[in-house]
Amino acid sequence: MAGTTFQFWLSFIFFSLARAQLPGTWEVIVENAGIASMHTAVTRFNTVVLLDRTNIGPSRKMLRKGHCRNDPNDVVLKRDCYAHSVLLDLNTNQVRPLMIQTDTWCSSGQFLPDGTLLQTGGDLDGLRKIRKFEPCEAKGSCDWVELDDVALVEGRWYSTNQILPDGSVIMVGGRAANTVEYYPPRKTGAVSLPFLAEVEDSQMDNLYPYVHLLPNGNLFIFANNKAVSYDHVANKVARQYPPLEGGPRNYPSAGSSVMLALQGDYSTAVIVVCGGAQFGAFIERSTDTPAHGSCGRIVATAPDPVWEMEDMPFGRIMGDMVMLPSGEVLVINGAQAGTQGFEMGTNPCLYPLLYRPDQPIGLRFMTLTPGTVPRMYHSTANLLPDGRVLIAGSNPHYFYKLEAEFPTELRIEAFSPEYLNPDRANIRPVIEGIPETVRYGEAFDVVVSATLGFVGIVEVNFGSAPFATHSFSQGQRLVKLAVNPAVPAGDGRYKISCTAPPNSMVAPPGYYMAFAVNQGVPSVAHWIHVVS
């Protein structure tokens, strides 16, 4: 007993010292959001849409009076007066209930060019459903709209959405759906993509494929342990990539993936895939099988691409990879053992990592201050306009279960990377002037200020607002603009001459968070609309 007590205190002391010495800080911004967010997206009005599934029974947030959902087929609540989606106001940290009618379990989403959130699929009555959320000011009354005049051609459960250069959205895969289709709907309907069937195994492992729009207009589609470049215009596989060693990487064995920042002449796209569960853990319902710690990195646009392998400090499944305004990547959330699925993950990975892509292999990962709240299955991470990362969700149970080793998590946290430390406040830029809209290839100016002024290049980087769910942020990208050195503009302000992204393959049309970044420290973003 004494030995156990000693070990406990030793671990406690080590954890406390680690929190005191490692970079980054944590804060709880909402003690009880009322729901556990399975899907999360940040809108241009600085609000956050949080969405669970509807057939989960009572949440901890009531709908407005007189707005109950009546569903005779719901086996839990025929008359459901509980909210399963809420809207968070980032200025006040208050939430208001939203009303969703059909089942959004393991669904998908993407922002359209006008800033409307397109949300598709799910289970049961949501399998072929298309929904929209047109965001409004925080004090507005915008809510979910379920479309009755259009539906998915094929049911989409565990599929991935990606906006395309023409502003339409492609929906890739899903359970028993080895096809793609589009919104707005096309006459072709659902188009076969045999690659998805080829990579399916006995535990699936081809669900929620990682989809990245390459700057040549093709799609990098990764499923299980293989990837292709897909020409969605001609509906053909343009090239096949070498397999990634280390086992399956997609649901139910998911790690995560990002495309690194597009920059320079925008001809090069680098994809990173990290973590995952060992094959068989899902079938065997093994909760203690160690997760992968390996990462693969590939130049998807190279003539002869190969995977460059490296290891994270921790094995991790169900982690999220978030593109930061600096071009670095935050790896956060997840577990070190088990697999995706209800009550199938253990040993939470509380330590975030900072992936620094410009460092040499072996030096790219930095361990950050650990959190204290396990974020397991069904948790999310999203970049906020102020540079923090919003952490929400975690419900490894079929219903809400608040008393458990890993309970249903209703708290919302924010993680502040080291660039937000007080000792860097003097070099943090403030955007004083920026256009609300820019066209492709357009030259424009951004006016900035900082307490200590500027030395060297101040970057202007456009970050998308992705739809985060199941360890992957659909539509995530960061575009570093071509800029000239900042020049004095009077009154302590500086002018940066910029050039907007050259085309919609580099930056699909829509709203972006525009950050000024000085010596790795980002400003608070201003939303900017990129149009043709």
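## Rings and charges

Let's start with a charge meeting a ring: Arg-53 lies over the face of Tyr-398, at 4.3 Å from the ring centre. Keep in mind that this is a predicted model. A second case involves Arg-186, whose charged end sits over the ring of Tyr-182, 3.7 Å from the centre of that ring.

Tyr-398 also has aromatic company. It belongs to one aromatic cluster with Trp-105, Trp-157, Tyr-158, Tyr-208, Tyr-251, Phe-342, Tyr-377 and Phe-399.

## Aromatic pairs

Searching the whole structure turns up 20 aromatic pairs. Take Trp-157 and Tyr-158: their ring centres are 5.0 Å apart and their planes meet at 45 degrees, so this pair is tilted. Both of these residues are buried.

Another tilted pair is Phe-220 with Tyr-241, at 5.0 Å centre to centre and 50 degrees between the planes. Which parts of the chain does this pair tie together? Phe-220 is in strand β17 (residues 219-223), while Tyr-241 is in the loop between β19 (236-240) and β20 (256-259), so the pair links parts that are 21 residues apart in sequence. Phe-220 is buried, with a relative accessible area of 0%, and Tyr-241 counts as buried too, at 6% relative accessibility.

## A buried strand and its hairpin

Now look at strand β30 (residues 379-383). Five of its five residues are buried, so the strand is largely enclosed by the rest of the structure. In a regular strand, side chains alternate between the two faces of the sheet. You can follow that here: Ser-379, Ala-381 and Leu-383 point one way from β30, and Thr-380 and Asn-382 point the other way.

What does β30 pair with? Five bridges join it to strand β31 (residues 389-393), and the two run antiparallel. One of the matched positions is Leu-383, whose bridge partner in β31 is Val-389. The hairpin of β30 and β31 has five residues between the strands, and in this hairpin Gly-387 takes a positive phi near 95 degrees.

## A four-stranded sheet

Here's an open sheet of four strands, in the order β12-β13-β14-β15, with antiparallel pairing. Why do β12 (160-163) and β15 (191-192) each have one side without a neighbour in the sheet? They stand at the edges, each with a single partner strand, so one side of each is left free of a neighbour there.

Inside the sheet, β13 (residues 169-172) and β14 (residues 179-183) pair in the antiparallel sense over four bridges. Ile-170 has Tyr-182 as its bridge partner in β14. You've met Tyr-182 already, as the ring under the charged end of Arg-186.

## Unusual backbone spots

Most residues other than glycine have a negative phi, and most peptide bonds are trans. Some spots in this model go the other way. The peptide bond from Tyr-183 to Pro-184 is cis, with omega near -5 degrees, and Pro-184 is in the loop between β14 and β15. Tyr-251 and Pro-252 are also joined by a cis peptide bond, with omega about 10 degrees. Pro-252 lies in the loop between β19 and β20, and so does Ser-253. Ser-253 counts as buried at 1% relative accessibility. Leaving aside neighbours within four places in sequence, its contacts include Gln-203, Asp-205 and Thr-339.

Then there's positive phi. Tyr-266 has a phi near 65 degrees and sits in the loop between β20 and β21 (270-276). Gln-519 has a phi near 55 degrees and lies in the loop between β43 (510-518) and β44 (521-522). Are these two buried or exposed? Tyr-266 is buried, with a relative accessible area of 8%, whereas Gln-519 counts as exposed at 52%.

Note on methods: Residues are numbered from 1 along each chain as its sequence is written. This is a predicted model: local features need pLDDT of at least 70, side-chain atom pairs count only at pLDDT 80 or more; totals for chains, interfaces and linings use all residues. Side-chain values use heavy atoms; hydrogens and water are left out. Rings of Phe, Tyr and Trp (its six-membered ring) pair if their centres lie within 6.5 Å; planes under 30 degrees apart count as stacked, over 60 as edge-to-face and the rest as tilted. Buried means under 20% relative accessible area, exposed over 50%, partly exposed in between (1.4 Å probe, protein chains only). A charge sits over a ring if NZ of Lys or CZ of Arg is within 6 Å of the ring centre and within 35 degrees of the ring normal. Two strands pair if DSSP finds at least two bridges between them. Contact means heavy atoms within 4.5 Å.
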